[in-house]
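Colleague: I have a few questions about this chain before I start on it. Can you take me through them?

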Amino acid sequence: MRHAAIARVAESMPGHALAWAAEVIAAERRALQAFEAVLPPSLADAVAVIAGQSSPLTCLGMGKSGLIAAKVAATFSSLGTPAFVLNAAEAAHGDLGAVQDGNVVLLFSNSGTTDEILRILPVLKSRACVLIGVVGRPDSPLGRAVDILIPACTAGEADHIGMAPTSSTTLQLAIGDALAVAVSRTRGFTRADFLRHHPAGLLGRQSLAIRTLMRTGEELPMVDPDAPVADLLAVMSGGRMGAACVVGACGRLLGLVVDGDVRRHFQSRRDVYDTPAAALMQPHPQVIDVTATLGDALLLLREHQGGLLVLPVIDGEGRLHGMLHAKDMMNG
């Protein structure tokens, strides 16, 4: 019923709707391409200043530019640079107390004439704040007042009347993201750092140590290298992982046998009972270090495009500590 209703509504819409949407996307793409074609050197200056700042970054804007400032502040914080957003209107009514002497302030304004921002500039300057402006009109009052100007010029907005913030805010957002990522890389922020900043949800689960997820003890299917195929099959069936680790002296992993290895052995018509596990095993299976996280394991799965179902877990000496099944990773 719902699909039929959607179809009826779609039929009543103008036939040019898809073309109109495409025009907006094309216009915003052109704005990004024009900026990319002539990247201002001030972009690098801004990265250096923000990366060298120990205090939280202040992102400030008004209206739609204020919404961009909020998103950019969140991105900076997510990537290891503490930042907060300040509404320009509220700043003049007490919120400027959050800005300390010498702070770096990242300002967003397309017109460069926003009264709420211009009103607080003298206060920011009196506190020796470093002002970085992402401004659509470089020759505007704000463009002339900032210490570092990043021109965010567009040929026009992407809407049909040329007035709604569309291309301008898309460019502001891209510049903010570019600054956040470049600063993060300058500071040496890592994937592990990122996961520590996201303890909840899927990202949080990726920071789990695989020690907490791997099969160990009696749940870990493993055999000696000289174990016959019959014993190998019994271990694999009991482990319910479709695989078994072949382990040698001192618990060192020698190889891995999966269901497919046994099946190919049967198809070759060899003597099942006289073949040891060492003859069937993969001597160099994909493994993962015992200090790794679930995120590391999932990355390996993606790189192998679903070709991995199990991962033996070893230490730096090659000793087997456990094994991960793809099901364990997805449920982690």
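Modeller: What follows is a run of short answers on the overall fold, the salt bridges, a pocket and a few single residues.

Colleague: Start with the basics. Where does the model come from, and what is the secondary structure of the chain?

Modeller: The model is predicted. The secondary structure of the chain comes to 15 helices and 11 strands.

Colleague: What percentage of the residues is buried?

Modeller: Buried residues are 43% of the 332 in the chain. The accessible surface is about 17,700 Å², and carbon and sulfur atoms account for 57% of that surface.

Colleague: And what share of the contacts is between residues 24 or more positions apart?

Modeller: Among contacts with a separation of 6 or more, 66% join residues 24 or more positions apart.

Colleague: Salt bridges next. How many are there?

Modeller: The count is 3 salt bridges. One of them pairs Asp177 with Lys71, at 2.7 Å from N to O. Asp177 lies in helix H8 (residues 167-186) and Lys71 in helix H4, so this pair ties together parts that are 106 residues apart in sequence.

Colleague: Are those two side chains buried or exposed?

Modeller: Both count as partly exposed: Asp177 has 23% relative accessibility, and Lys71 has a relative accessible area of 35%.

Colleague: Stay with Lys71. Which residues is it in contact with, leaving aside neighbours within four places in sequence?

Modeller: Lys71 is in contact with Leu173 and Asp177. Leu173 is 102 residues from Lys71 in sequence, yet the C-alpha atoms of the two are 7.9 Å apart. Helix H4, where Lys71 sits, covers residues 64-78.

Colleague: Which residue does Asp261 form a salt bridge with?

Modeller: Asp261 forms a salt bridge with Arg264, with 2.7 Å between the closest N and O atoms. Both residues are in helix H12 (residues 259-267), 3 residues apart, or about one turn of the helix.

Colleague: Why would that spacing suit a pair within a helix?

Modeller: An α-helix has 3.6 residues a turn, so residues three or four places apart point the same way.

Colleague: Which of Asp261 and Arg264 is buried, and which is partly exposed?

Modeller: Asp261 is buried, with a relative accessible area of 10%. Arg264 counts as partly exposed, at 47% relative accessibility.

Colleague: What else is buried in H12, and what covers the buried residues?

Modeller: Along with Asp261, the buried residues in H12 are Gly260, Val262 and His265. Their cover includes helix H11 (229-239), strand E8 (253-258) and helix H13 (277-280).

Colleague: Which residue does Asp315 form a salt bridge with?

Modeller: Asp315 forms a salt bridge with Arg319, and their closest N and O atoms are 3.1 Å apart. Asp315 is buried, with a relative accessible area of 12%, while Arg319 counts as partly exposed at 36%.

Colleague: Change of topic. How much space lies in the second largest pocket, and which residues line it?

Modeller: About 150 Å³ of space lies in the second largest pocket. The lining consists of Ala27, Arg30, Ala31, Ala34, Cys153, Thr154, Ala155, Gly156, Glu157 and Ser167.

Colleague: Which element gives the largest share of that lining?

Modeller: Helix H2 (residues 17-37) gives the largest share, 4 residues.

Colleague: And how do the lining residues divide by type?

Modeller: The lining has 5 nonpolar, 3 polar and 2 charged residues.

Colleague: Now Leu107. Where is it, and is it buried or exposed?

Modeller: Leu107 is in strand E3. Leu107 counts as buried, at 0% relative accessibility.

Colleague: What is it in contact with, beyond four places in sequence?

Modeller: The contacts of Leu107 are with Leu60, Ile117, Leu121, Leu131, Ile132, Gly133, Val134 and Val146. Separately, the C-alpha atoms of Leu107 and Leu86 are 9.6 Å apart, with their positions 21 residues apart in sequence.

Colleague: Last one, Thr114. Where is it?

Modeller: Thr114 is in the loop between strand E3 (104-109) and helix H6 (115-126). Thr114 counts as buried at 19% relative accessibility, because the cut-off for buried is under 20%. Not counting residues up to four places away in sequence, Thr114 touches Met62 and Ser109.

How values were computed: Residues numbered from 1 in each chain as written. Predicted model: local features only at pLDDT ≥ 70, side-chain atom pairs only at ≥ 80, totals over all residues. Heavy atoms only, no water. Helix = DSSP H or I, 4+ residues; strand = E, 2+ residues; numbered from the N terminus. Buried < 20%, exposed > 50% of the residue type's maximum accessible area, 1.4 Å probe, protein only. Contact = heavy atoms within 4.5 Å. Areas by Shrake-Rupley, 256 points an atom, 1.4 Å probe, with all protein chains shown as cover. 1 Å grid on protein atoms, 1.4 Å probe; cavity = no way out; pocket = protein on both sides within 12 Å on 5 of 7 lines; lining within 4 Å. Points joined across faces, edges and corners; volume = space filled by probe spheres on them. Nonpolar A, V, L, I, M, F, W, Y, C, P; charged D, E, K, R; others polar. Salt bridge = Lys/Arg side-chain N within 4 Å of Asp/Glu carboxyl O.
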